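Morning, everyone. I have one structure to walk through today. Let me put the sequence and the model up.

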Amino acid sequence: MDTGRPSKATRRVAAAAIAAGLALVVGGCGGEDGGSGAAGGKPSTRATAPKDTGRGTPAADSRQVIGEVKGPDGVAVTLHSAVRDTGGFVTVSGTVTNNGTKIFNAINWRSNETGMRSRSSVSGAALVDKAGKKRYLVLRDTEGECLCTTGLSGLKPGESRPVFAQFPAPPAKVTEVDFQLPTMPPATVSISD
């Protein structure tokens with residue numbers, strides 16, 4: 001008689017298949033190449049990505065300065081790069097520094113979208129092509145989250161943190177744009193390839 005429930009044998013086969021699948025997934029995470037994830041000792045694409053700073057923010061070369069904006073309460077953003085990617089976007093990287101006397105939270109730098117989970121982000125940033133009269137907003141992932149620094153809260157006086165934001169790339173002929181953050185004056189930056 002069929003009770004509509006799988007037999008013990010069927011459950012065992014399913015459990016063995018799941019265990020084998022998990023073993024393949026876990027085994028694929030490492031390997032004899034030192035965990036680089038690349039075959040033949042070649043670096044993977046991920047290995048050439050910017051160094052992660054632990055907060056989901058690519059590290060910028062802080063020695064290079066392409067622009068700086070100073071806002072209220074002693075907060076300053078130093079821009080280190082605006083790089084055009086062949087994938088059709090521009091990544092702007094920089095450092096936010098609290099030169100003031102109170103703790104800084106980037107609550108005013110977020111976009112007005114209500115679906116954003118992080119209330120302390122640079123999701124309200126924009127690139128403006130003045131000549132082409134176009135404004136480029138921070139890109140979003142498939143779940144609606146910004147491709148930018150999030151969790152930017154509790155920045156103590158004298159503390160700095162890296163920040164980044166990704167935007168759709170303007171046409172290739174556009175090499176200079178204004179970087180804008182809410183509550184801050186704009187900074188004109190050059191886009192590098």
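I will go through a cavity, an arginine, a sheet and two loop residues.

One point before we start: this is a predicted model.

Cavity first. How many cavities of 30 Å³ or more are there? The count comes to one. Its volume is about 70 Å³.

Now the walls. Val77 and Leu79 are among the lining residues, and so are Val92, Ser93 and Gly94. Trp109 and Val122 also line the cavity. Then come Val163, Phe164 and Ala165, with Phe179 and Leu181 completing the list. Which strands supply at least two lining residues each? They are β2, residues 75-84, β3, residues 89-98, and β6, residues 160-168. As for chemistry, the lining has ten nonpolar residues, two polar ones and no charged ones.

Stay on β6 for a moment. Arg161 lies in that strand. Is Arg161 buried or exposed? The cut-off for buried is under 20% relative accessible area. Arg161 has 9%, so it counts as buried. Its side chain has a polar atom 3.5 Å from the backbone oxygen of Gly154.

Next, the sheet. Four strands form an open sheet in the order β5-β4-β7-β8, and the pairing is antiparallel. The edges are β5, at 134-137, and β8, at 187-190; each of them pairs on one side only. On average, neighbouring strands here are turned by 30 degrees against each other, ignoring direction.

Look inside that sheet. β4, residues 126-129, pairs with β7, residues 176-180, over three bridges. What is the bridge partner of Leu127 in β7? That is Phe179. We have met Phe179 already: it lines the cavity. As a reminder, strands of a sheet pair through backbone hydrogen bonds.

Last topic, backbone angles. Most residues other than glycine have a negative phi. Two residues here go the other way.

Take Asp73. It is not a glycine, yet its phi is positive, about 60 degrees. Where is Asp73 found? In the loop between β1, residues 67-70, and β2. Asp73 is exposed, with a relative accessible area of 52%.

Then Lys133. Its phi is also positive, at about 55 degrees, and it is not a glycine either. Lys133 is found in the loop between β4 and β5. Exposed means over 50% relative accessible area. Lys133 has 75%, so it is exposed.

That is my tour. Over to you.

Note on methods. Residues are numbered from 1 along each chain as its sequence is written. This is a predicted model: local features need pLDDT of at least 70, side-chain atom pairs count only at pLDDT 80 or more; totals for chains, interfaces and linings use all residues. Side-chain values use heavy atoms; hydrogens and water are left out. On a 1 Å grid over the protein atoms alone, a cavity is a set of points where a 1.4 Å probe fits but cannot get out, and a pocket is an open set with protein on both sides within 12 Å along at least five of seven lines; lining residues have an atom within 4 Å of a point. Grid points are joined across faces, edges and corners, and a volume is the space filled by probe spheres set on the points. Ala, Val, Leu, Ile, Met, Phe, Trp, Tyr, Cys and Pro count as nonpolar, Asp, Glu, Lys and Arg as charged, and the others, Gly among them, as polar. Buried means under 20% relative accessible area, exposed over 50%, partly exposed in between (1.4 Å probe, protein chains only). A polar contact is a pair of N or O atoms within 3.5 Å; within protein, one must be able to donate a hydrogen and the other to accept it, and residues adjacent in sequence count only if both atoms are side-chain atoms. Two strands pair if DSSP finds at least two bridges between them. Axes are lines fitted to C-alpha atoms, for helices over the stretch in contact, and angles run from 0 to 180 degrees between N-to-C directions.
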